[in-house]
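Let's take a walk through this model, going from the way its copies are arranged to what lies inside and at the surfaces. Keep the 3D view open as you read.

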There are 2 protein chains.
Amino acid sequence: MGANVEITAGLRERKRRETRAALSLAALRLCVQRGWDNVTVDDIAAVANVSPRTFRNYFSTRAEAVAAGHLERMLRVADELRTRPASEPLWTAVTNSVAAQFERPARKGQALDADRWLERTRFIITEPSIHGEVLKASATAQVELAEVIAGRVGARRVKDPYPQVAAAVVTAVVGTVVDRWLRDGPTGSIMPLLRKAFELVAAGFPQDKVKTGK
Amino acid sequence: MGANVEITAGLRERKRRETRAALSLAALRLCVQRGWDNVTVDDIAAVANVSPRTFRNYFSTRAEAVAAGHLERMLRVADELRTRPASEPLWTAVTNSVAAQFERPARKGQALDADRWLERTRFIITEPSIHGEVLKASATAQVELAEVIAGRVGARRVKDPYPQVAAAVVTAVVGTVVDRWLRDGPTGSIMPLLRKAFELVAAGFPQDKVKTGK
DNA sequence: TGGCAAAATTGCCAACATGGCAACTTTGTG
DNA sequence: CACAAAGTTGCCATGTTGGCAATTTTGCCA
């Protein structure tokens with residue numbers, strides 16, 4: 001359970017997801033374009049072609065709507081991790097799973113997409129008004145992440161703190177690295193930063209003579 | 001700079017802090033007592049003896065007011081860490097600093113205080129409506145924590161990811177441990193849980209044969 | 001000490017957000 | 001094809017949020 005919730009469709013469920021996605025996207029688009037303070041629920045609902053009241057059936061706040069994309073993304077990290085070969089060391093697998101969700105979508109032709117992706121990611125991570133919601137979304141996804149990790153390392157006994165703590169660390173590292181990456185002009189790939197950070201984690205944050213790489 | 005902001009007083013500043021504290025406390029008290037949904041800004045302002053408009057000069061949302069206590073607490077963790085002997089290993093120092101802020105206040109006589117402290121802590125960590133704000137508060141304090149850690153391990157070079165990542169990990173571990181502690185009937189001290197979690201961190205989350213303690 | 005500029009408090013208020021309720025539509029199924 | 005379940009919408013009462021300007025308090029110095 002929990003793996004691929006998307007398998008089961010059913011027109012009803014599908015439309016629901018579409019509406020939700022449309023609202024979330026509309027919210028993000030408008031906020032990036034006009035700025036957080038210049039977007040109302042009515043605006044979002046209008047763009048998504050539903051009534052303002054319906055918006056509220058899907059999200060209780062604008063912030064939640066905007067952060068929904070981030071939630072999805074973090075859930076995809078967990079999903080990605082699930083598909084990684086068990087032979088891979090945990091932190092390697094995690095690094096790759098995260099990177100897969102935070103690399104620019106250079107795939108489909110247009111470089112325009114990459115720009116917009118960056119613009120949106122930056123907005124989500126940067127805008128103070130939604131920071132709380134974003135962190136909350138991460139925390140939500142973290143639950144699933146913990147389950148995946150538990151399955152991966154083999155839950156030793158109930159109440160083994162390992163999975164929970166490891167998942168929390170992953171969330172923390174991702175937050176820190178993405179933040180840093182965005183600030184220091186996100187020119188290159190985020191991979192090096194991610195790798196370095198998880199190397200630190202894997203090494204237990206050595207305090208002594210140990211030099212960090214080169 | 002940053003160490004003890006409280007040294008400098010000035011009547012003005014002092015009163016400001018008092019008012020802020022009074023509002024925050026009033027908010028927390030009322031919310032614990034009546035439940036999140038049954039408390040309005042007006043109620044809080046009334047208890048704190050200021051106008052509702054003044055409340056808004058200090059906090060922009062109820063959630064922020066309630067989470068203010070948590071922010072202070074996390075800042076105290078950073079302050080505490082600053083006073084720890086540099087000889088102490090980082091994770092030991094951190095464990096102690098955190099524990100100092102999350103142990104029940106068994107000091108001053110009344111066991112009543114301990115109960116109320118637990119009740120409030122539980123509310124802050126548990127109530128979904130403020131979860132985002134609490135996480136945000138942690139993130140805010142995390143900045144200071146990173147500075148302290150940087151000073152402690154000796155910031156190698158600018159952009160050294162160590163302090164930021166380590167601080168993020170501390171925040172993550174604290175969140176996870178406190179959560180777990182509260183759920184599993186917070187009968188005893190939180191220390192063992194903290195210690196175990198930071199041992200995991202220090203060990204870099206071993207995946208192989210290594211048995212975790214006893 | 002008296003007086004004043006800066007800071008804080010407050011009232012007023014318009015625009016939004018939030019969520020309960022009930023009417024009305026759409027969807028999937030037997 | 002009829003119908004129960006699920007989804008959408010309008011209506012609306014309460015609260016929230018923050019700008020503006022009037023009023024009061026505070027700290028300081030001549």
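A turn of 180° and a shift of 0.0 Å along the axis lay chain A on chain B with an RMSD of 0.0 Å, the copies being superposed by least squares on the C-alpha atoms of residues with pLDDT of at least 70 in both. The two copies are therefore related as by a two-fold rotation axis. The same surface also serves both of them, since 100% of the contact residues of chain A recur in chain B; two residues are in contact if their C-beta atoms, placed from the backbone, lie within 7 Å.

A quick word on ground rules: this is a predicted model, where local features need pLDDT of at least 70, side-chain atom pairs count only at pLDDT 80 or more, and totals for chains, interfaces and linings use all residues. Residues are numbered from 1 along each chain as its sequence is written, while chains are lettered from A and ligands numbered from 1 in the order in which they are written.

Now look at chain A by itself. You'll find 9 helices and 0 strands (DSSP runs numbered from the N terminus: H or I of at least four residues for helices, E of at least two for strands). Of its 214 residues, 35% count as buried, meaning that 20 or more other C-beta atoms lie within 10 Å of the residue's own, with C-beta atoms placed from the backbone.

So where do the chains meet? On each side, 31 residues take part: 31 of chain A are in contact with 31 of chain B. On chain A's side, α7 (128-153), α8 (161-183) and α9 (191-202) each supply at least two residues, and α8(A) gives the largest share, 13 residues. That side has 19 nonpolar, 8 polar and 4 charged residues (Ala, Val, Leu, Ile, Met, Phe, Trp, Tyr, Cys and Pro count as nonpolar, Asp, Glu, Lys and Arg as charged, and the others, Gly among them, as polar). For a close-up, try B:V169, which touches A:V169, A:A172 and B:V201, not counting residues up to four places away in sequence.

Finally, turn to the DNA. Around strand C there are 19 residues, of which A:L11, A:S60, B:V50, B:S51 and B:T54 come nearest; "near" here means a C-beta atom, placed from the backbone, within 6 Å of the strand. Elements giving two or more residues to this surface include α1 (11-34) and α3 (52-58) of chain B. By class, the surface has 3 nonpolar, 8 polar and 8 charged residues.

Definitions and conventions:
Buried ≥ 20, exposed ≤ 12 C-beta atoms within 10 Å, placed from the backbone.
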